[in-house]
Amino acid sequence: MEIFRMNQYWSLVVLIFLSFGCEEKTDWDYQSGDHQQLAITAILSDEFKFQKIEIFQSMNLPSEDPIAITNATVAIKSMNNVIEFIHDNNQPGIYYSQIAFSVPSNINIQLEILHEGQTYVASTSVGKVAPIPPLQIGTNQATDERFVAKIADVYSPVEQAMYEVLIDWSEIRPDTFNQALLYAFTFNTVDISGIIQPNDEVINFPVGTTIIEKKFGLTSDYADFLRALAIETSWQGGFFDESQSSLKSNISNNALGYFTACQVLSDTIIVQ
Amino acid sequence: MRSLFLFLFFLLPFLSIQAQQDDYQITIQDRSITLREVLQKITEQTGLDFSFNSDKVNVEEKLKIRIKNASLDETMSVLKNELRIDYSIVENQIILNLQKTSFIDSNPKYYTLSGFLNDQETGESLIGATIELVGTSKGTISNEFGYYAIQLPQGHHQISFSYIGYQNSRNEINLEKDLKLNAQLPTASISLPDVIVGLSSQTKLREKQSSTLKLSPKSLENMPEFAGESGLIKGIQSLPGIKTHSDGSAFFFVRGGEKDQNLIIIDDSPVYNPSHLFGFYSIVVPDFAKSINIYTSDIPTNLGDRLSSIIDIRTKDGNLNRWSFSGALNPLINRFALEIPVVKEKASIFVSTRRSNFDWLFKRNAPNADIGFGDFNFKYNHKINDKNRIYFTLISSSDNFNNQGLRNTQSSGISWGNFGATLRWNHIFSPKLFSNSTFNTGNYVYRLFAPGANRWESSIGSISLKTDFTHFLSPKYKAKFGGEIQTIYINPGTISTPSTRDLFPRIRNNYSRKSLLYYQVEYALSGKTVINAGLRIPSWKSIGPALYGIYDDNYDVVDTVRINSGSYNNYTKIDPRLSIIQQLNTSSNLKLSVGSYHQFLQLISNSTSPFTALEVWLPASPNIAPQQSWQFACNYYKHFPKSNLDFTVEAYYKHSKNIIDYKSHPETLLNPFLEGELRFGTMNAYGLEFMLKKELGKFNGWMSYNFSRAIRTTGTINNGNPYPAFQDRPHDFSILGNYQLSKKITVSGYFTAFTGSAFSSPTGFYEYNNKVIPIFGSKHNDRLPNYRRFDLAFKFRLNKNINARYQHHLNLSFYNLFAHKNIVAVNFNKVEQEDGPPLVKSNFLSEQSIIASQTSLVNWMPSLTYKFKL
């Protein structure tokens, strides 16, 4: 969708504003919310594997390490099938399914978590995925390194998707920080903060780097959640910010996070 | 802010007392006293003697007067009203004369005195000039075309014409029939004493009856500039009750209202986006404006369609007597104005143009960029005869931010522009009946375009026909009435693209028709009490073709309604307005007002940005009820003649309903069912505004302080609890001072400070899929840091002879001289960088923690401008 491929233009707009102002770190005096809520990341997929669910407690500050929830009872249900998830003691807060499985499409799945006498439930269907668009790699002329120029269009009228891009150059430069994980989204809605996104970190990597790109198909509800997540995170902090508010979870009992299932496509690229 | 508050309250009484000390303090409190005794007491307390003809002035006449700590002017005005004696002060003597009007019989015949007031040099009509019957409280002010009419009893009268910055003019008339009297006032030379260019207390009180904030383009010129211009928006943002969004923003908030509740009209043409360069500049070219009236309460019934304010800008007609050329040159912006008398004293043209000059600034970093904005304004006025005059005004502004493609074939960028054309016809049916008919058309278009002819576009346009009548019914009654028919067209944002694979939701245009009737009467109950009462009856119809949704309680579309043609929805509202002005004494008055207001157009934007983004307008429709507010205001005004100080305090309370807020993370662009994203609630705003102003003298300026609150309640937002609006800023202080250092150098300083805006800050965080997500508590639980800014400007007159034909001067301004970082946004999603500003985290395997970061704009900005006039 060419209409929103306007990075050159927007860099000019940013240039204008940077000529006048500046952004810097601040020691913000956060107001205490005392939330103490469960934060659940439950993204199941149609990949045949041990599926993963993460459960942590919310934090007061963004720099805090979240407290892992290690004693919850976690299960998913579909029709008459129940699959339990077991806590991995080597990775606090992470629960893996007892068996490897793939989530079939066209079914409804329920999540049930029991923790300290409270029950947290959610249900979802499976989001369908369309083919992965080609990843665009740019070249840093000064260092001859490469960077990800574009993962996908922000807008598509026909599909909604999440992209997870794992960049690994550990085999080429094992002695430096050598891995990166990027996210991108495609939605069927148009947001000014999505069109004019704030500047983010540019990850440079050498030729020969391995990139594993995964595309997750989204249900309409999960796309709404991720759109809100993008507005609150990667699209926040530009010149056209929107009024902020909490994300709406589909998990009951005031839990945070989201339970969903996605069809996933994967592609591996060796950067030339 | 607390210290500021204390400072203000210590300073205000001090200034008030200081002003009174400049004057005499006269106290006479006898219940029964002769005029002789009164005069003796005045002499004792002032040292001034009286001179009068004892055959004509009966000094043994018994009086009942109570005067306490009054100025000489106030005291003499009381006597003037009680005894019908006129007075003048010559050296140290007060000379008393019987007023000529005292000889008229008890049942006199009345005639109408009417005419136009103009600048003697340029022929420009003078708006809001005062016409007074000398020695009485009778008088009126000229309207927006410089026309006045007043009914006076048959006989001899002395008429005074006055206007600030001009020499007063007095004319003796013998009124035996309706009389037309045009007056040309000479501008006051700077070397003349202030008393000549200043206005009397009575005149000041008359001006204050209109309940407007006036901002003269001249005072704008004196304000420190930002990047070459002082600008309208920055000027009005310094007035009490009007709050800026932040640095570099064209948005402003009036008395707690939202940013779309202010209407700017230039010669009756509405302006939907008054900003250039995202808000750093205003589209109103200072050279083009003649008068700027800001209505924040008691808005006349002929104006409306917004809940919070009307900014009524009248442009210059053009010099009727001689050619004139002026301009301003700045490294960032240039502007020129040309005035041509087409037919001397009958017809003239005013042309002004402005163009930004940023290319040199960005050429190195962005060689393919075309960044800039421009304006073109044109006005033609023609006096056809004594009874008819026409005006044609054209305003056009555009912003373009293009980036040319590598092969110079394709470009991407945004552009926006305003266009307005207005034809007005003044017709004087009789000296008592003045009319102005206006035909206006205009639009505002916002485009976002990319290579391949892809384009997102939103627009709003209107065609309007209206007629306003002013009927000077009798000495006590003046009526204004009229009507308007307006058709409004809105494109709420559509995409056009040549590609067949692109599927976008179809966004339909909106068509609406407004018809309006209004009637307002001004009734002078007595010499000291004036009542203004009026009704405004707008009717708003939605016009087909249209498609709108039916929503359930969860705001989900359950059905749609298709309208092929004709009107399908009607809101007819009645807005009563009433004000009572009570003159307390010769230098102060009290005004109470109440009014109802409706607004049928709303700007849909969930953006917190200070800059104009891709906002769209939506009309009132079956799913959007018109916004409505009631405002109650109480205004006290006091003029200190000796020190030439004006003190105003106004308290207000405003209750508004159907005010728009949004559900969490609304979809406001390319959404055919946008109404489902909106939430409607109420707003309660109240406040107390103080202003102390000195218009004349070597040192002049103003100081204002507001205490105000704006609290919203919107359905289930914030769990149904009230929350402060973004613009809720309890304390707001500003002071502007101009001081003439020498005949050639004037220095101006402007300081402002206010409470930071309310916003939502996180009260917790959680991790989801490697991302740190903020958790928000109650809406707008936090505030941005307090705002503070000091601007300084020096104005150097370069021509030696003050009356020289070629006048030129140099303005050197420093915006935010102390480089105070005024925060416009705080973010909670970025990571620190070693060699640059924080950036949004993109590598989610990195262990770098999210930090809080804050953004400030315009930390310091010098500006040098050369201005000339030929």
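A residue counts as buried when its relative accessible area is under 20%, and by that rule 54% of the 272 residues of chain A are buried in the structure I am showing you, which, I should say at once, is a predicted model. Staying with chain A for a moment, we find three helices and 16 strands, and among contacts between residues at least 6 apart in sequence, 66% join residues at least 24 apart. The accessible surface of chain A comes to about 11,900 Å², and 47% of that belongs to carbon and sulfur atoms.

Let me turn to chain B, beginning with helix H2, which covers residues 35-46. Its 12 residues, at 1.5 Å a residue, should span 16 Å, and since the end C-alpha atoms are indeed 16 Å apart, the expected and computed values agree. Within H2(B), the residues Leu35(B), Val38(B), Leu39(B), Ile42(B) and Thr46(B) are buried. They cover an arc of only 95° around the axis, and therefore they sit on the same side of H2(B). After the helix comes Gly47(B), which has a positive phi, near 85°.

Next, two strand residues of chain B. Ser169(B) belongs to strand S13, residues 169-175, and because its relative accessibility is 18%, it counts as buried. The side chain of Ser169(B) is joined to that of Asn171(B) by a polar contact of 3.2 Å, and, if we set aside residues up to four places away in sequence, Ser169(B) touches Ile159(B), Ser160(B), Phe161(B) and Leu185(B).

The other residue is Thr529(B), in strand S35, which runs over residues 529-543; with 9% relative accessibility, Thr529(B) is buried as well. Which residues does Thr529(B) contact, leaving aside neighbours within four places in sequence? They are Tyr523(B), Ala524(B), Ile580(B), Ile581(B) and Gln582(B), and with the side chain of Gln582(B) the side chain of Thr529(B) makes a polar contact of 2.6 Å. Thr529(B) and Leu590(B), for their part, are 61 residues apart in sequence, while their C-alpha atoms are 9.7 Å apart in space.

Finally, the cysteines. A disulfide is a covalent bond between the sulfur atoms of two cysteines. With a cut-off of 2.5 Å between the sulfur atoms, the count over all chains comes to zero. As for individual cysteines, is Cys262(A) buried or exposed? Its relative accessible area is 1%, so Cys262(A) is buried, whereas Cys634(B), at 31%, is partly exposed.

Key
Residues numbered from 1 in each chain as written. Chains lettered and ligands numbered in written order. Predicted model: local features only at pLDDT ≥ 70, side-chain atom pairs only at ≥ 80, totals over all residues. Heavy atoms only, no water. Helix = DSSP H or I, 4+ residues; strand = E, 2+ residues; numbered from the N terminus. Buried < 20%, exposed > 50% of the residue type's maximum accessible area, 1.4 Å probe, protein only. Contact = heavy atoms within 4.5 Å. Areas by Shrake-Rupley, 256 points an atom, 1.4 Å probe, with all protein chains shown as cover. Expected span 1.5 Å × (residues − 1). Arc of directions from axis to C-beta. Polar contact = N/O pair within 3.5 Å; in protein donor to acceptor, adjacent residues only side chain to side chain.
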